[in-house]
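User: Please explain how ligand surroundings and strand pairing are to be read here, taking a general idea and then the case at hand.

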Amino acid sequence: MKPVNIGILGLGTVGRGTVEVLRGNAAEIARRLGRGVNIFMVSTRDEAKARALCPDGTRITADPFEVVRHPEVDIVVELFGGTGIAKELVFEAVRHGKHIVTANKKLLAEHGGELFALAEKHNVMVQFEAAVAGGIPIIKALREGLAANRIRSIAGIINGTSNFILSEMREKGSAFADVLKEAQRLGYAEADPTFDIEGHDAGHKITIMSALAFGTPVNFSACYLEGISKLDSRDIKYAEELGYRIKLLGITRRSEKGIELRVHPTLLPESRLLANVNGVMNAVRVNADMVGETLFYGAGAGALPTASAVVADIIDTSRLIAADSGQRVPSLAFQPAQVQAQTMLPMDEITSSYYLRVQAEDKPGVLGQIAGLLAAQNVSIEALIQKGVLDGRTAEIVILTHSTVEKHVKAAIAAIETLGTVREKVVMIRMESLHD
Ligand code: NDP
Ligand code: HSE
C-alpha cells in the first residue's frame, strides 16, 4: 500500500520529537499500520535544521500555507501552537480536505466547536491525543476505552510544568523562578509560561476532557482558573504537616445541579496515588459508573512522550482515511447531534472541603469567634490547629472544613475578615478526598 503523506507544521520541541519518533520507529510503525508514513513536507523557518532532521526527499518550505494546500498531503500535523496563525492554518487545511493531527489544546478548548463542525462538513478527522496529558493515551481512553460508561468525574494533574515546579519546591526547596526556567529549558513549558503557572493550560485540557466525558460542547469560558503562582510555601509546609500534598488539579464533575469545571491548587491526602505524582509526570483519575475508578499515569510533557501521542494519532488517522465517516469515532466521543450543552456550575455552587489559614491576634476568645462565624454559615470544622505565635502577638490558625457549598465558606471568610483581631486576608485552598 502507498505510504501516507504527512505535512508537519513547525519543528519546535514536539515537531522535532515527532520526526525523531517517525524515523526511529519507522519499521515498527509500518508493521502496525501496514503501510509507511512519509514525511512529505515540513514547514519551518530554519531550513538547515529541517535538512539535518528530516529524511532525504522531504520538501521543506518556509510558507506553512503551502503545506496545508498541497494536493499530495493527506494529514497535516499542526505543531505551531496557539490560536494565531495555527488557527488559520488548521482551518485552511480542513477546507482543503486534510485530516488534522494537533497537540494544540488552546485551539481546541477555545475554538473546538467551530473546528469540529467544519471538519464534519469536509468529512475529515481532527485528532488531538497529544493535546491532553502529553504521552498518556487519555483521549483514546475517554473516547473509546470507557465508552460503555456514564462518567461521573475526572480529576487530573495535567500541567507538567506546574507539577515539576511544585515537586522541586517541595523536595529540594528550590525557588519558583529557578524551577520555571528549568522547565522552559527542558521544553515542558508553553511559549508563554504564564499559561502553565496561572492554570490556563490545565484549563484547556480539563475543558477538552469534560466535553469528551459528558458529551457537551467545549466551553473554556466556563472553566474556573487559579494557578500556582500565588501559593505560599507556608501552606505547602502546613498541608504536609497535616498529611496532605498540594497539587494543581483540573477537575470536572457531573452532579444533578450541573457540571463543575475548574483548575486550582488542591490539598490531597498523601495516601492518594495522585498526591504522589511528581515532576513532569501527569496522572488522570476517571470515575465512571460501571468500571469505577481508573488512573492513567505518564509523562505529561517533553518532546518524545508528546510525539508518541502525535504519532499514535497519525497511525490511527491513516487507518481510518478510507473508512466511511460513520465508522469513525466522533471527535467529541458522542455523535455530533447528541452533543448537548448542560448547566455549568458557578464556583459559588460547587461542593468541596477547604483549608483556611487565618492570621489573628493571639488572645482569648479569637478562636471561638472564628469557629462561631463558620458555624453561622453551617460550615463544619474537621480540624483546627494553631500554628504558633509569629511576633509574640499574632497567631496562625489553620482550619480544615468538612465538605460544604463554596458560597457558605466564602460568606464565613468575609465575616472573619471583618473581625478586628484578624490581621490579613484569609487564605483558602480547596481540598479533595477523591472518593467520588
Ligand atoms: P515550540 O515553541 O517549541 O515550537 C513551535 C514551533 O512552531 C516553532 O519552533 C516554529 O517552528 C513553529 N512556529 C510557531 N509559531 C510560528 C509562526 N508564527 N510562524 C512560523 N513558525 C512558527 O512549541 P512546542 O513544540 O513545545 O509546542 C507545540 C504545540 O504542542 C503547542 O500547541 C503546545 O501547546 C503543544 N504541546 C507541547 C508539549 C511540550 O511538552 N512542549 C506537550 C503537549 C502539547 P520552526 O522553529 O521550525 O520554525
Ligand atoms: N506546557 C505543558 C505542560 C505541555 O507543562 O504540561 C504539555 O501539554
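**Ligand sites and sheets**

Analyst: An oxygen atom of ligand 1 lies 2.6 Å from an N or O atom in the side chain of Thr44. Such a pair is a polar contact (N or O atoms within 3.5 Å; within protein, one must be able to donate a hydrogen and the other to accept it, and residues adjacent in sequence count only if both atoms are side-chain atoms). This is a predicted model, in which local features need pLDDT of at least 70 and side-chain atom pairs count only at pLDDT 80 or more, while totals for chains, interfaces and linings use all residues; side-chain values use heavy atoms, with hydrogens and water left out. Residues are numbered from 1 along each chain as its sequence is written, and chains are lettered from A and ligands numbered from 1 in the order in which they are written.

User: Which other residues place an N or O atom 2.7 Å from an oxygen atom of ligand 1?

Analyst: Glu190 does so with a polar side-chain atom, and Gly302 with a backbone N or O atom. The protein buries 80% of the 880 Å² that ligand 1 exposes when taken alone (Shrake-Rupley method, 1.4 Å probe; for residues, only the protein chains shown count as cover).

User: How many residues surround ligand 1, and which are the closest?

Analyst: A residue is near a molecule or strand if one of its heavy atoms lies within 4 Å of it. Ligand 1 has 21 surrounding residues, with Val14, Thr44, Arg45, Glu190 and Gly302 the closest. By class, this shell holds eight nonpolar, nine polar and four charged residues (Ala, Val, Leu, Ile, Met, Phe, Trp, Tyr, Cys and Pro count as nonpolar, Asp, Glu, Lys and Arg as charged, and the others, Gly among them, as polar).

User: What are the polar contacts of Lys105, Thr161 and Glu190 with ligand 2?

Analyst: Lys105 brings a polar side-chain atom to 2.4 Å from an oxygen atom of ligand 2, and Thr161 brings one to 2.6 Å from an oxygen atom of ligand 2. In the side chain of Glu190, an N or O atom is 2.7 Å from a nitrogen atom of ligand 2. Of the 260 Å² of accessible area that ligand 2 has on its own, the protein covers 94%.

User: Which residues and helices form the shell around ligand 2?

Analyst: The surrounding residues include Lys105, Asn159, Tyr188, Asp196 and Ala301. The shell divides into three nonpolar, four polar and five charged residues. At least two shell residues come from each of α8 (160-172) and α11 (200-214); helices (H or I, at least four residues) and strands (E, at least two) are DSSP runs, numbered from the N terminus.

User: How is the six-strand sheet ordered, and which strands stand at its edges?

Analyst: Strands of a sheet pair through backbone hydrogen bonds, either parallel or antiparallel. Two strands count as paired if DSSP finds at least two bridges between them. Here an open sheet has the order β3-β2-β1-β4-β5-β6, with parallel pairing. β3 (59-61) and β6 (126-127) are at the edges and each has a single partner strand, so one side of each is left without a neighbour in the sheet. Three bridges join β2 (residues 37-43) to β3, and Val42 stands opposite Ile60 in β3.

User: Where are antiparallel pairs found?

Analyst: β11 (residues 281-288) and β12 (residues 292-299) run antiparallel, joined by eight bridges. Arg285 has Leu295 in β12 as its bridge partner, and a hairpin of three residues joins the two strands. β14 (residues 381-389) pairs with β15 (residues 394-401) in the antiparallel sense over six bridges; Ile381 stands opposite Thr401. The hairpin of β14 and β15 has four residues between the strands, and Gly392 there takes a positive phi near 90°.
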